[in-house]
Amino acid sequence: MSRSAVELDFFRMEKESAGKPQPPKKLFDRRRSFRDIQSVISKMNPEILKSVIATGSVENGNLLASKPKNDDPFLSPALPLLSAPAFGNRVSGTSPLTIFYEGTVSVFDVSRNKAENILKLAAENVSKTVDSDLPLTRGKSLERFLQKRKER
Amino acid sequence: MEDGKANKTIGGMPDTVFELVIDFLHDERDRDAVSLVCRRWYEIDKTTRKHVTIALCYTTTPQSLWRRFQHLESLKLKGKPRAAMFNLIPEDWGGYVSPWVEEIARSFSCLNALHFRRMIVTDLDLELLAQSRGQVLQILKLDKCSGFSTDGLLHIGRSCKKLKTLFLEESSIIEKGGEWLHELALNNNVLETLNFYMTYLAKVRFQDLELIARNCRSLVSMKISECELLDLVGFFGTASVLEEFGGGSIGEQPERYSSESYCSLSFPPKLCSLGLTYMGRNEMPIVFPFASLLRRLDLLYAFLDMEDHCLLIHRCPNLEVLETRNVIGDRGLEVLAQCCKRLRRLRIERGEDEEGMEDEEGLVSHRGLIALAQGCLELEYIAVYVTDITNASLQYIGTYLKNLCDFRLVLLDRQETIADLPLDNGVRVLLQGCYKLKRFAFYLRQGALTDVGLSYVGQYSLNVRWMLLGSVGESDAGLLALSKGCPRLQKLEMRACCFSERALAIAALQLPSLRYLWVQGYRASETASDLLAMARPFWNIELIPARRVVSPNANGQDVIVDHPAHILAYYSLAGQRTDFPNTVLPLDAVALLNT
């Protein structure tokens with residue numbers, strides 16, 4: 001099935017990753033809420049998002065962004081591969097927006113307009129640490145106790 | 001001024017007098033002040049100082065410690081950042097005791113008490129310690145340590161015949177057998193405190209516990225891992241002067257379980273501190289006969305609901321220390337406020353979030369705090385996880401709890417809307433009122449404390465030495481306002497805030513007493529270069545760059561967990577450490593990478 005897909009390949013990950021061992025994709029998450037989408041996008045470096053969206057456009061075909069100047073592999077986190085069908089499923093109005101990010105795959109069902117809006121919003125988003133990024137963690141003993149209680 | 005002969009009799013008082021007087025000074029800060037007066041007093045302090053606490057082991061070296069305090073009798077060392085207790089720090093981060101143990105074995109002949117907290121200890125270290133100091137060691141505390149096995153404890157059990165305290169609570173111990181306890185039982189008859197609570201050692205034989213009780217007639221405190229309580233009848237019968245017991249396990253073996261059998265348990269007559277793991281409503285009555293004697297109660301690992309808490313607390317009018325989960329609820333706190341007028345320390349941990357797992361009403365809010373503030377006026381320490389909060393409740397605390405030295409509040413995210421935000425005014429009144437406050441933790445959410453609120457924290461926390469701030473402030477301005485105050489702040493930990501590296505660096509430079517900074521969750525720059533603004537001599541800066549770690553989630557499934565970057569910065573006279581793992585990056589290296 002031919003589907004026009006817009007691929008924003010940050011830093012040519014496909015080319016690079018061809019040679020490297022892929023991390024196991026253990027997390028597959030199909031979400032629908034806007035909040036979830038926003039939380040995933042908020043983890044991306046907004047500077048990178050901005051630069052890619054500025055240099056490219058959401059149209060048919062692939063879009064390859066150029067590498068940033070400072071690509072110290074240690075300090076730059078791996079970045080997302082964004083893929084949205086340019087012309088979505090006209091019957092239902094929504095189509096999957098797939099975000100590949102560091103070994104995880106997130107799929108959102110959104111309309112094309114929404115997909116564009118999301119990308120624009122992400123670009124404007126101030127890089128604030130979202131609370132969901134840093135969940136409260138419990139002490140080890142307590143965690144273990146609560147785990148054990150479920151088993152009893 | 002420094003004339004040797006004249007100093008011997010300044011104002012007619014020989015050195016001996018000063019040496020006797022200085023012996024009455026125990027507070028470390030007083031000793032510190034005395035040692036700065038003149039060289040002579042520095043020397044006297046040097047030869048007479050009995051105890052030293054090194055808050056971070058990398059701030060100095062074992063040799064430096066030896067050069068200054070050769071007659072040291074007691075040493076406490078801390079390693080990993082506090083965040084390690086919440087699984088946020090890589091296991092191999094550092095904090096190795098080996099260099100210290102080697103120096104202790106070589107030089108510190110007077111040392112008889114050792115306390116390692118959040119450090120990495122190996123069996124070899126324990127063997128060396130046992131060989132070199134086994135004859136004199138009285139207190140050994142391996143507190144939340146890791147890296148050793150029961151083989152190491154075997155050496156301790158065999159050689160340390162004068163050991164009065166063996167403390168292993170919450171350490172990660174590789175269990176190879178239970179002989180270590182047997183050796184301890186055979187070789188020791190002066191043990192007063194034995195604690196291997198929350199170590200999950202399973203090969204412990206209750207017969208050895210009985211043997212210890214029989215041989216050690218001064219045994220006062222025993223906290224153990226999960227050992228069926230019914231097997232401890234003999235132990236309780238023999239440990240006649242026991243005052244504190246914690247751990248054990250109730251109902252592990254269903255075939256032996258019947259609540260009646262637990263009712264036949266009789267406890268030592270002086271028991272006043274108790275914590276029974278997995279104690280449920282059916283077993284609670286076994287505590288009733290001596291509940292009025294209880295001064296300390298640990299319900300963290302009990303299976304009690306809110307009603308149970310009310311029933312039990314009602315019977316404990318002499319309670320001074322209570323630890324439990326938030327299932328105690330506001331109603332439980334109200335009962336506490338009514339009945340336990342002597343309460344000094346209260347710790348309320350976060351229980352189960354999942355619906356249906358815990359008592360639905362088991363939540364703590366401003367309602368409980370207000371009751372507590374008015375009822376338990378002796379409170380010195382409060383640590384609490386709340387689901388709802390108001391400014392008024394914080395104001396009540398500031399108004400009534402004048403003895404409060406340590407206040408820690410975490411706002412859970414269970415309730416989406418908190419009506420009375422921001423908490424700026426509440427925290428101001430709290431800090432103004434609780435003038436003895438030395439330790440303060442405030443972990444909130446976005447919008448709960450504005451930049452103005454942070455400025456209040458800076459302005460009014462005059463005595464606070466340690467602070468943990470989570471999700472506070474709106475912008476860098478807030479952090480900068482905070483850092484203009486906090487005159488005594490030595491150790492600052494921050495999590496999930498929105499501050500930039502630049503602001504963090506300026507704050508570190510501005511806070512006059514700051515010697516330790518830990519941050520996770522901040523606006524990172526591409527190259528961490530903004531952080532270099534705080535670079536200065538004797539100030540070590542380390543990064544733990546963002547990691548992805550595979551670990552089991554609540555359901556036991558392996559998931560990938562995001563660990564955002566950490567910054568750790570501290571004063572050190574020892575230079576940059578060299579024993580860091582590949583997950584840790586000293587900032588010098590980063591600077592090099594980018595040139």
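In the predicted model, strand E14 (residues 345–349) of chain B pairs with E15(B) in the parallel sense, over four bridges. Within this pairing, B:Ile348 is placed opposite B:Val384 of E15(B). E15(B) also pairs with strand E16 (residues 406–411) of chain B, again in the parallel sense and over six bridges. Here B:Tyr385 stands opposite B:Val410 in E16(B).

The strand shared by these two pairings, E15 of chain B, comprises residues 381–386; six of its six residues are buried, so the strand is largely enclosed by the rest of the structure. In a regular strand, side chains alternate between the two faces of the sheet. For E15(B), both faces are covered. One side carries B:Tyr381, B:Ala383 and B:Tyr385, and the other carries B:Ile382, B:Val384 and B:Val386, all of them buried. The residues already described in the bridges, B:Val384 and B:Tyr385, thus belong to opposite sides of the strand.

A further buried position is found in strand E17 (residues 439–443) of chain B, where B:Phe442 is located. B:Phe442 has a relative accessibility of 0% and therefore counts as buried, the cut-off being under 20%. When neighbours within four places in sequence are left aside, the contacts of B:Phe442 are with B:Leu394, B:Phe407, B:Leu409, B:Leu423, B:Val427, B:Leu449, B:Leu468, B:Leu469, B:Gly470 and B:Val472. Among these partners, B:Phe407 and B:Leu409 fall within the residue range of E16(B). B:Val472 is 30 residues away from B:Phe442 in sequence, with a C-alpha to C-alpha distance of 8.2 Å.

At the level of the whole chain, the secondary structure of chain B consists of 21 helices and 25 strands. The radius of gyration is 25 Å, close to the 25 Å that the globule rule gives for 595 residues, so chain B is as compact as a globular protein of that length. The C-alpha trace spans about 70 × 65 × 55 Å along its principal axes. Of the 595 residues, 56% count as buried. Among contacts in chain B with a separation of 6 or more, 70% are accounted for by residues 24 or more positions apart.

With regard to the surface, chain B exposes about 24100 Å², of which carbon and sulfur atoms supply 52%. The chain has 66 positive and 75 negative side chains, and the centres of these two sets lie 7 Å apart.

Notes
Residues numbered from 1 in each chain as written. Chains lettered and ligands numbered in written order. Predicted model: local features only at pLDDT ≥ 70, side-chain atom pairs only at ≥ 80, totals over all residues. Heavy atoms only, no water. Rg over C-alpha atoms; globule rule 2.2 N^0.38 Å. Buried < 20%, exposed > 50% of the residue type's maximum accessible area, 1.4 Å probe, protein only. Contact = heavy atoms within 4.5 Å. Areas by Shrake-Rupley, 256 points an atom, 1.4 Å probe, with all protein chains shown as cover. Lys, Arg positive; Asp, Glu negative; His and termini not counted. Charge placed at Lys NZ, Arg CZ, Asp CG, Glu CD. Pairing = 2+ DSSP bridges.
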